[in-house]
Amino acid sequence: MEYIAYLHKDGNSDYGVSFPDFPGCITAGQTLDEASRMAEEALALHIQGMIEDGDAVPEPSKLDEIAKDAAKHGAIAFMVSVDAPDATVRVNITARESQIRRIDALAEAAGMTRSGYMVRASLGGGEGKRAVRGKSRGARAG
């Protein structure tokens, strides 16, 4: 799916990105490449959150439909591709209480849910990179 994004740049600011189909979904990057990557990630996470909340995901607007959109004043429109979201699957894990408290604190600091934080970290999005170990210790939490 492809959605329209607006790229904004003010004097001494980063490149900001917003989405006319998703009010409140915004991101930014210091470079154009970073803003583009962040736009894909922000949109995918926003859509996933909508699905988890039971909200309907809008169909992408057409470029002709945004021609008169006041929010695009001074912005450049570009297309952002996102994969159709997968179904959410509930899993059960075993961990120490202290580990869950630490995960919850990190997730809160990142503005994420516990589940979202754990998935992002395990797929290489930050804290999870240093938690990987060479050998499995069976069913014990590491």
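## A tour around two helices

On the other side of helix H1, away from its buried residues, Asp33, Arg37 and Glu52 are exposed. Select those three to start, and keep in mind that you are looking at a predicted model.

**Stop 1: all of helix H1.** Now select residues 32-52, which make up the 21 residues of H1. From the first C-alpha to the last, H1 reaches 30 Å, close to the 30 Å expected at 1.5 Å a residue. Which residues of H1 are buried? Colour Ala35, Ala39, Ala42, Leu43, Ile47 and Met50 to see them. Their arc around the axis is only 130°, so these residues sit on the same side of H1. Turn the helix around and you are back with Asp33, Arg37 and Glu52, the exposed ones.

**Stop 2: what H1 leans on.** What do the buried residues of H1 pack against? Show four strands: E1 (2-9), E2 (15-18), E3 (26-29) and E4 (76-81). The buried residues of H1 pack against each of these.

**Stop 3: zoom out for a moment.** Show the whole protein as a cartoon and you can pick out 3 helices and 4 strands. Walking from the N terminus, you meet them in the order β-β-β-α-β-α-α. There are 142 residues in the protein, and 23% of them are buried. Take the contacts between residues at least 6 apart in sequence: 52% of these join residues at least 24 apart. Switch on the surface, too: the accessible area is about 10300 Å², with 51% belonging to carbon and sulfur atoms.

**Stop 4: the aromatic pair.** Hide the surface and look for rings, since the structure holds 1 aromatic pair. Select Tyr3 and Phe22, which meet edge-to-face, 4.9 Å centre to centre and with 70° between the planes. Where in the chain do Tyr3 and Phe22 lie? Tyr3 is in strand E1, while Phe22 is in the loop between E2 and E3, so the pair links distant parts of the chain, 19 residues apart. Both Tyr3 and Phe22 are buried.

**Stop 5: the end of H1 and the loop beyond.** Go back to H1 and step just past it to Gly54, which takes a positive phi of about 80°. Further along, in the loop between H1 and E4, select Ser61. Which residues does Ser61 touch, not counting those up to four places away in sequence? They are Ile4, Asp21 and Ile66. Show the side chains of Ser61 and Asp21 as sticks, and you can trace a polar contact of 2.3 Å joining them.

**Stop 6: helix H2.** Next, select residues 97-109, the 13 residues of H2. At 1.5 Å a residue H2 should span 18 Å, and its end C-alpha atoms are indeed 18 Å apart, which agrees. Colour Ile100, Ile103, Leu106 and Ala107, the buried residues here. Look down the axis of H2: the buried residues fall within an arc of 125°, so they line one face of the helix. Then spin to the other side, where Glu97, Arg101, Glu108 and Ala109 are exposed.

**Last stop: over to helix H3.** What covers the buried residues of H2? Select residues 114-122 and you have part of the cover, which includes helix H3. On the way there, just after H2, pause at Gly111: this residue takes a positive phi of about 70°.

Definitions and conventions. Residues numbered from 1 in each chain as written. Heavy atoms only, no water. Helix = DSSP H or I, 4+ residues; strand = E, 2+ residues; numbered from the N terminus. Buried < 20%, exposed > 50% of the residue type's maximum accessible area, 1.4 Å probe, protein only. Contact = heavy atoms within 4.5 Å. Areas by Shrake-Rupley, 256 points an atom, 1.4 Å probe, with all protein chains shown as cover. Expected span 1.5 Å × (residues − 1). Arc of directions from axis to C-beta. Polar contact = N/O pair within 3.5 Å; in protein donor to acceptor, adjacent residues only side chain to side chain. Phe/Tyr/Trp six-rings, centres within 6.5 Å; stacked < 30°, edge-to-face > 60°.
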